[in-house]
Amino acid sequence: MSLYVETVIRTEMDELWARTQEPAQHQRWDLRFTTIDHLPRADGEPQRFRYATRVLPFLSVAGTGISAGERHRPDGSRVSALRFASAHPLSLLAEGSGYWRYVPGPDGIRFLTGYDYRPRWGRFGALADRLVFRPLMGWGTAWSFDRLRLWCERGTPPGLALARALGETALRALLCAVALACAPLGAALFVLAAALLLPPLPGTPAARRCLRRPPGRTAAPAPRLLTTLEPS
């Protein structure tokens, strides 16, 4: 999988599972989705769903997907897998697949994802994906994982976490503007460097707190469960 994100969350497995598998909870913390709705299904069938992402105040890009999960594995871990696609002409993402793993450990639950997708729009889409969209997707996934961690560990509601992030970003930008306008060049450069390099406050989500590469340099293979899902 081309994109990989991992974090450790100190929480109960059932709580983490619910907040990542139930649409009403999932859409609260994940920047990649504005709405997620499960579609009707028969017992024993994989779950089909519809999702939408608001890219502008007046424009949403929608898609569909199919997912399945394993809650009872011999080693105590859990896994879910999905395939997704969007037929919307403005969606750079055409189709893709991915998985989530939940691995209990002494310091908490290793929550990790691996996923990849095929962009549309030919060569232009491939270039836009490589330079802009894919880095943003990786950052958005990591930032969302840390927002989920704060929700589980500290009880910080996702909406409050977003407000803190926006407020802290605005404060840093204001300090930079004041420094550039009023301070000597050396002091202004120091403020700029501090604003860019200092980590966010502990209660503010930060993508940098998540791993963006597998710990062993080579990602584990996608779960076999993924092969059981037909294209969405």
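Contact, in these legends, means heavy atoms within 4.5 Å. All views show a predicted model.

**Figure 1. Surroundings of H26 in helix α2.** The close-up is centred on H26, a residue of helix α2. H26 has a relative accessibility of 10% and therefore counts as buried. Once neighbours within four places in sequence are set aside, the contacts of H26 are R19, T20, F33, I36 and W100. H26 also belongs to the group of residues that lie nearest the centre of the largest pocket, a group that further includes F33.

**Figure 2. The largest pocket and its lining.** This pocket encloses about 1400 Å³ of space. Its lining is made up of 50 residues, and those nearest the centre are H26, R32, F33, Y51 and L82. Sorted by class, the lining comprises 28 nonpolar, 16 polar and six charged residues. Such spaces are found by a simple principle: rolling a probe the size of a water molecule over the atoms shows where empty space is left.

**Figure 3. T53 in strand β3.** T53 is part of strand β3, which covers residues 47–56. Its relative accessible area is 18%, and T53 is therefore classed as buried, the limit being under 20%. Beyond its neighbours within four places in sequence, T53 is in contact with R32, F33, T34, L59, S60 and V61. Two of these contacts, R32 and F33, are also listed among the residues nearest the centre of the largest pocket. As for R224, which is 171 residues from T53 in sequence, the C-alpha to C-alpha separation is 28 Å.

**Figure 4. The second largest pocket.** The volume of this pocket is about 400 Å³. Its lining consists of 19 residues, with W139, A165, T169, P200 and P205 nearest the centre. Helices α3 (122–154), α4 (158–182) and α5 (185–197) each contribute at least two lining residues. The greatest contribution is that of α4, which supplies seven residues. By class, 14 residues of the lining are nonpolar, two are polar and three are charged.

**Figure 5. Helix α4 and its buried residues.** Helix α4 has 25 residues, which at 1.5 Å a residue should span 36 Å; the C-alpha atoms at its ends are 36 Å apart, in agreement with that expectation. The buried residues of the helix are P158, A161, A165, E168, R172, C176 and A179. They pack against α2 (23–29), α3 and α5. As background to the spacing of such positions, an α-helix has 3.6 residues a turn, so residues three or four places apart point the same way. A165, one of the buried residues of α4, is also among the residues nearest the centre of the second largest pocket.

**Figure 6. Cysteines without disulfide partners.** The model contains zero disulfides. For C152, the nearest cysteine sulfur belongs to C210 and is 12 Å away, and C152 is in no disulfide. C152 is buried, at a relative accessible area of 11%. In the case of C176, the closest cysteine sulfur is that of C182, at 13 Å; this is too far for a bond, because a disulfide requires sulfur atoms within 2.5 Å. C176 is likewise buried, with a relative accessible area of 12%.

**Figure 7. A207 in the segment after α5.** A207 is located in the segment that follows α5. With a relative accessibility of 7%, A207 counts as buried. Residues up to four places away in sequence being left out, A207 touches W139, A142, W143 and R212. A207 and W143 are 64 residues apart along the chain, yet their C-alpha atoms are separated by 4.0 Å. W139, another contact of A207, is listed among the residues nearest the centre of the second largest pocket.

**Figure 8. R149 in helix α3.** R149 is a residue of helix α3. It counts as buried, at 13% relative accessibility. Neighbours within four places in sequence aside, R149 is in contact with T7, V8, I9, R154, P202 and R209.

**Figure 9. Backbone of W121 in the loop before α3.** W121 occupies the loop between β7 (108–119) and α3. Its phi is near 75°, a positive value in a residue other than glycine. For comparison, most residues other than glycine have a negative phi. The relative accessible area of W121 is 37%, and W121 is partly exposed.

Notes: Residues are numbered from 1 along each chain as its sequence is written. This is a predicted model: local features need pLDDT of at least 70, side-chain atom pairs count only at pLDDT 80 or more; totals for chains, interfaces and linings use all residues. Side-chain values use heavy atoms; hydrogens and water are left out. On a 1 Å grid over the protein atoms alone, a cavity is a set of points where a 1.4 Å probe fits but cannot get out, and a pocket is an open set with protein on both sides within 12 Å along at least five of seven lines; lining residues have an atom within 4 Å of a point. Grid points are joined across faces, edges and corners, and a volume is the space filled by probe spheres set on the points. Ala, Val, Leu, Ile, Met, Phe, Trp, Tyr, Cys and Pro count as nonpolar, Asp, Glu, Lys and Arg as charged, and the others, Gly among them, as polar. Helices (H or I, at least four residues) and strands (E, at least two) are DSSP runs, numbered from the N terminus. Buried means under 20% relative accessible area, exposed over 50%, partly exposed in between (1.4 Å probe, protein chains only). The expected span of a helix is 1.5 Å times one less than its number of residues.
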